[in-house]
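User: I should like to go through the terms applied to this structure and the reasoning behind each of them. Please set each value against its criterion.

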Amino acid sequence: MSNPSTAKTSGLLERLFRLRENGTSVRQEFFGGLTSFMACCYLIFVIPTMLADAGMDRVAVTGAVILTTIVVTLIMGLWANYPVVVAPGLGITAFFAYYVCGPAGFTWQAGLGAVLISGIVFFLLTVTRIRQWIVDSVPKDLKYAIVVGIGTFIAFIGFKNCGIVVSNEATSVALGDLTDPKVLLALFGFFLTAILNVLGIRTAMIIGILATTALGIVTGHASLPEGSWFSTGFPDISATFFQLDLSGALSHGLFTIIFTLTMVDLFDNMGVLIGVARKAGLMKDDGSIRNLDRAFISDSIGTMLSSVFGTTTATSYLESAAGAVAGARTGLSSVFAAALFALALFFIPLIAIVPGYATAPILILVGAFMMQECVHIRFDRLEIAIPAFLTIVGMPLTYNIATGFGFGFVSYTIIAVLTGRAREVHPVMYIVSIAFAINFALR
């Protein structure tokens, strides 16, 4: 006999997430959520470090980052039914910490006020369906190019994180030291995970991360925590909670900053959601995406909440694509990821042992998987090939998803107009292209 409580739980999960309809299972969603968590749990340590450089209290910011991630990822999973982790974004945090609170000369409180205003703008763009119109205006070829561009960006981050690619003054980037033990460990993780994926092992990503971390500990290139493996509890966030300065944001001429935050948030999220949707099988043949409006609303709510909790703009994380590749198809994986972030509050010292060279191979492989979408782009037509190419290379070369969008949008529109095909361009594309041109000029 089946357990009645188990049957009820199964029925509830089916109603909430439509698992059978999406060709998935609780087990598959768990491993997808676990993979996403493992791929982006580094944000627990990286984001607070950057915000501490902006003068914010590190302990409070750590709590605000984790709380934001848990709450907004739950909203994304339970309401939008999307397999995406939402957390304060790396690029936007760097912009906030090292420009807004640096050369621009604003306090972090006024910066948080700007984040709230951008979140409100974001929300209004969503509920008025302007964001949906923007997505619908994007030609299908460019949507595939966005997926590929994000893949190249993710792979570049992976190569950089494990030292295979390093900075170079003469050539900007160069090959790293392949005899470095950490690079060798990353190569071990890469080939192990690649082979397991080729063999069809669904838990390949997790096995790769754990095996590489374990080998790093054995060889002395990663270490177990000194002292307690457990945290004492939730960090005190009173130093940042509701400390935003709206009047300061409005009175200090933050228009350019608010505009930049809104543009980056809008197109970063759009790119990640399109990319993850494609890998998770949520994009239909006509290019439309299931529940995209709910995903956008969830994200805009997250941006407003993040400013109140005391951290930067919440955005959908690129690394969620790793979860999609590992099998995540519904918001249940996001619920699992949120639960793991909640557990992380009590295991921060233990999570900290997972080194960058253990997760980097996953990012490289995800880039390879997303590159498969190239076959859908009509590269035989130059008017499509050129904007698609600029979209793809623009993301990694400028280290910014939104900039890749801008390159693609602006070039597509200009080429169409100057070759007599102006009527083929959706009216919204003209508006967005002009907005990008203004943004480029302001920056």
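User: Why are α4 and α13 called roughly antiparallel to each other?

Analyst: The model is a predicted one. In it, the axes of helix α4 (residues 58–78) and helix α13 (residues 292–309) cross at roughly 160°. Angles over 145 degrees count as roughly antiparallel, and α4 and α13 are therefore described in that way. Their axes come within 9 Å, and the crossing of α4 past α13 is right-handed.

User: What makes α9 roughly antiparallel to α10?

Analyst: The crossing angle of α9 and α10 is roughly 155°, with axes that come within 9 Å. Set against the limit of 145 degrees, that angle makes α9 roughly antiparallel to α10. The crossing of these two helices is right-handed.

User: How do you know that leucine 199 is exposed?

Analyst: Its relative accessible area is 61%, and exposed means over 50%; leucine 199 is therefore exposed. Leucine 199 sits in the loop between α9 (181–198) and α10 (204–218). Together with Phe191, Ile195, Ile201 and Ile207, Leu199 makes a nonpolar surface patch of about 480 Å².

User: Why is the contact of arginine 20 with glutamate 14 called a salt bridge?

Analyst: The closest N and O atoms of arginine 20 and glutamate 14 are 3.9 Å apart. The criterion is a side-chain nitrogen of Lys or Arg within 4 Å of a carboxyl oxygen of Asp or Glu, so the pair qualifies. The structure holds 5 salt bridges, including the one between arginine 381 and glutamate 383 at 2.8 Å, N to O.

User: Are arginine 20 and glutamate 14 buried or exposed?

Analyst: Arginine 20 has 66% relative accessibility and therefore counts as exposed, the limit being over 50%. Glutamate 14, at 17%, is buried, because buried means under 20%.

User: What makes arginine 18 partly exposed?

Analyst: Partly exposed covers values between the limits of 20% and 50%, and arginine 18 falls there with 28% relative accessibility. Arginine 18 lies in the loop between α1 (4–17) and α2 (26–40) and has a positive phi of about 50°, although it is not a glycine. Its side chain meets that of glutamate 21 in a salt bridge of 3.3 Å, N to O. Glutamate 21 is exposed, with a relative accessible area of 56%.

User: How do you know that serine 172 is exposed?

Analyst: Serine 172 has a relative accessible area of 54%; this is set against the limit of over 50%, so serine 172 is exposed. Serine 172 belongs to strand β3 (residues 172–175), and its phi is near 75°, a positive value in a residue other than glycine.

Notes:
Residues are numbered from 1 along each chain as its sequence is written. This is a predicted model: local features need pLDDT of at least 70, side-chain atom pairs count only at pLDDT 80 or more; totals for chains, interfaces and linings use all residues. Side-chain values use heavy atoms; hydrogens and water are left out. Helices (H or I, at least four residues) and strands (E, at least two) are DSSP runs, numbered from the N terminus. Buried means under 20% relative accessible area, exposed over 50%, partly exposed in between (1.4 Å probe, protein chains only). Patches are made of residues with over 30% relative accessible area and no salt bridge: like charges are joined within 9 Å, nonpolar side chains (Val, Leu, Ile, Met, Phe, Trp, Tyr) within 5 Å. Accessible areas come from the Shrake-Rupley method with a 1.4 Å probe; for residues, only the protein chains shown count as cover. Axes are lines fitted to C-alpha atoms, for helices over the stretch in contact, and angles run from 0 to 180 degrees between N-to-C directions. Angles under 35 degrees count as roughly parallel, over 145 as roughly antiparallel, 65 to 115 as roughly perpendicular and the rest as oblique. A crossing is left-handed if the near helix is turned anticlockwise from the far one by less than a right angle, and right-handed if clockwise.
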